[in-house]
Structures are given as C-alpha cells and as structure tokens.
Amino acid sequence: MKHIAKNTLFILFISLSSGLLGHAYAQDDSAKIDKNQAAQKAQQQVQGRVLKVDQSKNKYRVKVLQKSGRVVNVDVDKRSGRVVKSGKKDD
C-alpha cells in the first residue's frame, strides 16, 4: 500500500512540475515577436516594401525597399520589438 502511495505522489509531482514548466515556457514565447510583427515594425520605421526577413538568436533583420530604390536594413529586437538599428545600403 505504501508503494502505491509513493508512486502516486511521484506521478502527481512530475505532472505538476511539467505543467508549471510548460506554463513558464509558454509565457516566454508570448513575449517574443514573430517575423510578421518584425516586418510591420520595420515598415513603420522606414516606408517601403519588405523584401526579406532574416533572424538570429536575438533579432530580426528586415530588408526594406524604399520608393527611392534604396534598400534599408532594419534590426528589430525579438523580445521587445524595438527597432535596434537601421542602416542604408546602396544597391
């Protein structure tokens, strides 16, 4: 009987632990922005058409083609969505 109670407590503990960890990871993911949101933020910063969105560990790099024909690179922080840096590139 004690063996069954120990197993039950162990299974309950594992179930609760994994549920709490899963919840913490879900909250972490919701704090990050996705590629589409990064593209929108870049478009707000520099007017133009989004050509490409690349991602690294901490940021998205969005290439935007302006009406003037210039290509602009805009870096968007993945966590905050803040535009970190924008630079012009002559093509």
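**Salt bridges, a core and a lone lysine**

Me: K59: how much relative accessible area does it have, and is it buried, partly exposed or exposed?
Reply: The model discussed here is predicted. Buried means under 20% relative accessible area and exposed means over 50%. K59 falls in between, so it counts as partly exposed, with a value of 30%.

Me: Which residue does the side chain of K59 meet in a salt bridge?
Reply: A salt bridge needs a side-chain nitrogen of Lys or Arg within 4 Å of a carboxyl oxygen of Asp or Glu. K59 has a partner at 3.3 Å, N to O, and that partner is D75.

Me: How many residues apart in sequence are D75 and K59?
Reply: The two side chains meet in a salt bridge. D75 belongs to strand β3, while K59 belongs to strand β2, residues 59–65. The pair therefore ties together parts of the chain whose separation in sequence is 16 residues.

Me: Is D75 buried or exposed?
Reply: The cut-off for buried is under 20% relative accessible area. D75 has 2%, so it counts as buried.

Me: With which residue does D75 form a salt bridge at 2.7 Å?
Reply: The closest N and O atoms of this pair are 2.7 Å apart, and the partner of D75 is R61. The pair links distant parts of the chain, 14 residues apart: D75 is in strand β3 and the partner in strand β2. At 30% relative accessibility, the partner counts as partly exposed. The residue asked for is R61.

Me: Which residues are linked in a network of salt bridges?
Reply: D75 meets K59 in a salt bridge. D75 also forms one with R61. The network therefore has D75 on both bridges, each within 4 Å, and its members are K59, R61 and D75.

Me: How many salt bridges does a search of the whole structure find?
Reply: Besides the bridges of D75 with K59 and with R61, K52 and D54 meet in one at 3.8 Å, N to O. K52 is partly exposed at 43%, and D54 is partly exposed at 34%. The search of the whole structure gives a total of 3.

Me: K78 is buried yet has no salt bridge; how far away is the nearest side chain of opposite charge?
Reply: K78 sits in the loop between β3 (71–77) and β4 (83–89). A polar atom of the K78 side chain lies 2.8 Å from the backbone oxygen of S56. A salt bridge would need a nitrogen and a carboxyl oxygen within 4 Å. For K78 the nearest side chain of opposite charge is D77, at 9.8 Å.

Me: How many residues make up the largest nonpolar core?
Reply: In soluble globular proteins, nonpolar side chains tend to be buried together. Here the largest such core includes I33, A42, V62, V64 and V74, and its full count is 12.

Me: Which elements give two or more residues to this core?
Reply: A42 touches V62, V64 and V74, leaving aside residues up to four places away in sequence. These residues are among the members of the largest nonpolar core. The elements asked for are α2 (35–45), β2 and β3.

Me: What pattern does the protein chain follow along the sequence?
Reply: The protein chain has 2 helices and 4 strands. Read along the sequence, the pattern is α-α-β-β-β-β.

Methods
Residues are numbered from 1 along each chain as its sequence is written. This is a predicted model: local features need pLDDT of at least 70, side-chain atom pairs count only at pLDDT 80 or more; totals for chains, interfaces and linings use all residues. Side-chain values use heavy atoms; hydrogens and water are left out. Buried means under 20% relative accessible area, exposed over 50%, partly exposed in between (1.4 Å probe, protein chains only). Lys and Arg count as positive and Asp and Glu as negative; His and the chain ends are not counted. A polar contact is a pair of N or O atoms within 3.5 Å; within protein, one must be able to donate a hydrogen and the other to accept it, and residues adjacent in sequence count only if both atoms are side-chain atoms. A nonpolar core is a set of buried Ala, Val, Leu, Ile, Met, Phe, Trp, Tyr and Cys residues joined through side-chain atoms within 4.5 Å. Contact means heavy atoms within 4.5 Å.
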